[in-house]
Amino acid sequence: MLFSLQFEDYLAAIGGSNEVETPETGESFAVQAPEYRIFSRRPMHILDILASPKPSLSFEFFPPKSPEAWEELYETIRNLESLQPSFVSVTYGAGGSTREMTHDLVLRIKQTTSIPPVPHLTCVGHTRDQIQSILERYAAAGVSNILALRGDPPRDQPDYDWSSGDFRHAADLVRFIREFNASGVHPDPRGFGIGVAGFPEGHPATSNRMQELDFLKAKVDEGADYICTQLFFDNHDFLDFRDRCRLAGITVPIIAGLMPVTSLKGMNRMAELAAGARYPAKLIRSLNRAQGDPEAVERAGIHYAAEQCAALLDHGVDGIHFYTLNKSRATREIFRSIGLDAVKPS
Ligand SMILES: Cc1cc2nc3c(=O)[nH]c(=O)nc-3n(C[C@H](O)[C@H](O)[C@H](O)COP(=O)(O)OP(=O)(O)OC[C@H]3O[C@@H](n4cnc5c(N)ncnc54)[C@H](O)[C@@H]3O)c2cc1C
């Protein structure tokens with residue numbers, strides 16, 4: 001992701017929500033729950049899920065900033081739960097109260113749905129003690145997995161001082177979680193399962209792609225047990241990335257990140273957020289055919305993503321992670337159009 005952008009504000013804006021303008025209150029409206037059943041499950045690492053011959057199918061949400069948007073998100077989760085995702089993940093923002101909301105949303109999903117939640121955790125600007133207490137809280141709640149990330153500096157600090165926190169790279173956070181796991185604090189003797197980010201088209205801060213793979217391998221060598229990728233629109237980028245990982249000795253499962261284009265505005269914003277993401281001519285041509293009609297643009301974007309998804313499954317991908325932007329429609333349409341919504345035997 002591009003430096004100096006507030007991750008979740010941009011996700012909200014791309015998703016078409018107006019909540020970006022809503023001031024952060026830090027109130028606990030996030031936990032006003034809909035009527036759900038209470039589930040208790042045995043601990044499941046994402047690696048256990050990925051051990052199945054079937055690819056994992058997962059969704060990403062971000063904590064909204066207004067009570068209305070929370071209601072919409074609960075509705076989205078209800079709509080998507082019927083698709084029986086393998087897990088869902090919840091992003092971690094730059095500000096204090098949004099970070100608390102990540103925790104609230106993860107626990108709400110864990111306690112009231114059948115879906116394992118995976119909190120994202122960024123280490124930029126955090127001290128070791130802060131990360132320790134975040135991990136302790138998740139462990140006490142029986143959360144089984146963490147997506148360990150570096151995060152980006154705040155957008156108003158282009159000359160961010162990297163020495164202001166105890167962690168410099170995501171690999172440092174992975175090592176810290178592994179040490180936490182060994183301390184026996186987590187009720188699961190294995191501790192947390194650990195995921196990390198991968199960038200099929202490369203991360204903008206590292207221009208040397210060979211070196212970048214070494215940095216990715218370092219995260220895996222520190223203890224990450226799967227990789228989830230940045231979104232991409234050309235499967236060749238992902239498949240080549242997967243091959244390059246294998247050649248570099250990175251053998252853990254790699255989950256492909258997919259985001260359907262549902263509006264031209266959203267596409268332009270995402271081009272900024274996911275810096276370096278390339279929109280292939282084939283996609284642009286199909287969106288151009290819609291001649292600016294919003295519904296036709298959405299249909300074209302969903303159709304493109306569905307084809308991308310089917311081809312990835314044909315190529316034996318370990319899993320697909322859908323960047324839902326807190327909406328259910330596009331993901332449900334993709335599932336429907338390629339037959340993924342078939343009722344699964346229990
Ligand atoms: C699946 C996914 C989920 C995300 N979720 C969030 C989220 O919830 N919240 C959020 O704020 N952001 C999120 N991001 C964005 C992410 O935090 C940024 O893209 C960030 O810049 C990179 O994070 P990382 O974990 O890959 O960092 P790192 O692995 O630390 O890499 C960051 C940069 O440093 C380089 N590097 C790594 N190790 C070294 C080293 N030893 N020496 C020199 N350079 C090195 C890498 O090549 C890369 O260019 C997500 C990204 C992805 C792909």
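The following paragraphs describe the fold, the central strands, the ligand shell and selected loop and helix positions of a predicted model.

In this predicted model, local features were considered only at pLDDT of at least 70 and side-chain atom pairs only at pLDDT 80 or more, whereas totals for chains, interfaces and linings use all residues. Residues are numbered from 1 along each chain as its sequence is written.

The protein chain contains twelve helices and eight strands, where helices (H or I, at least four residues) and strands (E, at least two) are DSSP runs numbered from the N terminus. Of the 346 residues in the protein chain, 48% are buried; a residue is called buried if 20 or more other C-beta atoms lie within 10 Å of its own, exposed if 12 or fewer do, and partly exposed in between, with C-beta atoms placed from the backbone. Two residues are taken to be in contact if their C-beta atoms, placed from the backbone, lie within 7 Å, and among contacts between residues at least 6 apart in sequence, 83% join residues at least 24 apart.

The largest nonpolar core, defined as a set of buried Ala, Val, Leu, Ile, Met, Phe, Trp, Tyr and Cys residues joined through C-beta atoms within 7 Å, comprises 89 residues, and those with the most contacts inside it are Ile146, Ala148, Ala170, Leu173, Val174, Ile177 and Leu258. Helix H6 gives the most to this core, with seven residues. When residues up to four places away in sequence are not counted, Leu258 touches Leu231, Ala305, Gln308, Cys309, Ile320, His321, Phe322 and Tyr323.

Strand E3 is largely enclosed by the rest of the structure, because six of its six residues are buried. Its two faces are both covered, with Pro117, Pro119 and Leu121 buried on one side and Val118, His120 and Thr122 buried on the other. Strands are said to pair if DSSP finds at least two bridges between them; by this criterion E2 and E3 run parallel and are joined by three bridges, with Val118 in E3 as the bridge partner of Ser89. E3 also pairs with E4 in the parallel sense, again over three bridges, and here His120 stands opposite Leu147 while Leu121 stands opposite Ala148. Between these two strands the chain passes through helix H5 (residues 128–140) in a right-handed β-α-β crossover, a handedness assigned if, with the strands pointing away from the viewer, the path from the first strand over the helix to the second runs clockwise.

Strand E4 (residues 145–149) is likewise mostly covered, five of its five residues being buried, with Asn145, Leu147 and Leu149 on one side and Ile146 and Ala148 on the other. E4 runs parallel to strand E5 (residues 193–198), to which four bridges join it, and Asn145 stands opposite Gly193. Together with H6, these two strands make a right-handed β-α-β unit.

The ligand is surrounded by 23 residues, of which the closest are Thr91, His120, Arg150, Ala170 and Thr206; a residue is near the ligand if its C-beta atom, placed from the backbone, lies within 6 Å of it. At least two residues of this shell come from each of strand E3 (117–122), helix H6 (170–182), helix H7 (209–222) and strand E6 (226–231), and H7 gives the most, with three residues. The shell divides into ten nonpolar, nine polar and four charged residues, where Ala, Val, Leu, Ile, Met, Phe, Trp, Tyr, Cys and Pro count as nonpolar, Asp, Glu, Lys and Arg as charged, and the others, Gly among them, as polar.

Two loop positions were also examined. Gly93, in the loop between strand E2 (87–90) and helix H4 (96–112), is buried because 23 other C-beta atoms lie within 10 Å, and its C-alpha atom is separated by 9.7 Å from that of Asp152, 59 residues apart along the chain. Leu83, in the loop between H3 and E2, counts as partly exposed because it has 19 C-beta neighbours inside 10 Å. Leaving aside neighbours within four places in sequence, Leu83 is in contact with Arg332, Phe335 and Asp341, and the C-alpha atoms of Leu83 and Arg332, 249 residues apart along the chain, are separated by 7.9 Å.

Helix H12 (residues 329–337) has Ala330, Thr331, Glu333, Ile334 and Phe335 as its buried residues, which pack against strand E1 (56–61), helix H3 (67–81), helix H11 (294–314) and strand E8 (319–323). Just after H12, Gly339 takes a positive phi of about 80 degrees.
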